[in-house]
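Visitor: Hey, can you walk me through this one? I'm new to reading structures.
Guide: Sure, take a look and ask away.

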Amino acid sequence: MVTKQLKGSADPVDEADLLRADSLAREIFSDVANKWALLIIEILGERTLRFSELRNEIEGISHKMLTQNLRMLERNGLVGRTVHPTVPPRVEYALTEAGTALRKTVDGMCDWTHRYLGHIEAARHRFDA
C-alpha cells in the first residue's frame with residue numbers, strides 16, 4: 001500500500017477533501033470505513049483487551065484480518081498497543097483519544113443500524129422480488 005505523505009507545500013484543505021481521489025482524508029476514510037475496523041473500534045470502546053480476547057469478541061474475524069486492522073488502526077493513531085515486559089509478553093490494545101472520538105460516530109452508526117434494520121430488510125426483500 002502506498003501511503004500519501006503531507007508535504008509542507010500541500011494545501012491542508014485539499015488534503016482533507018474526501019472528494020479528491022488523491023487526498024489524505026480519503027485514504028484515512030478508506031482505512032477506517034471497513035467492517036472489521038468499525039467492529040474493533042466498537043469493542044475496544046468498552047475496555048482494554050488482549051489480541052485473543054478481541055478475536056473472541058468478533059465472530060468471524062481471522063487472525064490475519066485482526067492483525068492487519070489493528071496495525072492499520074495503530075498506524076493511524078486510533079488504537080494504542082501496550083507491550084508488558086512479562087514472559088511471555090502480554091500485549092494489550094486500547095483506543096486512543098482519537099479512537100474514542102471516532103467511536104462516538106461508530107456508536108451512531110450502530111444506533112442507525114438498529115433503528116432502520118427492519119426498513120432495510122423490507123427494502124431488500126422488495127428489491128430482490
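Guide: One term before we start: the bend at a residue is the angle between two axes, one fitted to the seven residues ending there and one to the seven starting there. Also, keep in mind that this is a predicted model.

Visitor: OK, so where does α6 bend?
Guide: At Y116, by about 60°.

Visitor: Does Y116 pair up with something? I mean, which residues form an aromatic pair?
Guide: A search of the whole structure turns up 1 aromatic pair. The partners are W112 and Y116, with 6.0 Å centre to centre and 40° between the planes.

Visitor: What do you call that arrangement of W112 and Y116?
Guide: That pair is tilted. Planes under 30 degrees apart would count as stacked and over 60 as edge-to-face, so the angle falls in the remaining class.

Visitor: How many residues apart are W112 and Y116 in helix α6?
Guide: They're 4 residues apart in α6, which covers residues 97-128, so about one helical turn separates them. In an α-helix, residues three or four places apart point the same way, because there are 3.6 residues a turn.

Visitor: How exposed is W112, and what about Y116?
Guide: W112 is partly exposed at 47% relative accessibility. Y116 is partly exposed too, at 31%.

Visitor: Then which residues of α6 are buried?
Guide: G99, R103 and V106. The buried residues of α6 pack against α3 (35-44) and β3 (90-95).

Visitor: New topic: where is confidence lowest, and where highest?
Guide: Helix α1 (residues 12-15) is lowest, with a mean pLDDT of 71, and helix α5 (residues 63-75) is highest, at 97. The protein averages 89, and 90% of the residues score at least 70.

Notes. Residues are numbered from 1 along each chain as its sequence is written. This is a predicted model: local features need pLDDT of at least 70, side-chain atom pairs count only at pLDDT 80 or more; totals for chains, interfaces and linings use all residues. Side-chain values use heavy atoms; hydrogens and water are left out. Rings of Phe, Tyr and Trp (its six-membered ring) pair if their centres lie within 6.5 Å; planes under 30 degrees apart count as stacked, over 60 as edge-to-face and the rest as tilted. Helices (H or I, at least four residues) and strands (E, at least two) are DSSP runs, numbered from the N terminus. Buried means under 20% relative accessible area, exposed over 50%, partly exposed in between (1.4 Å probe, protein chains only). Contact means heavy atoms within 4.5 Å. pLDDT is the predictor's confidence in each residue, from 0 to 100.
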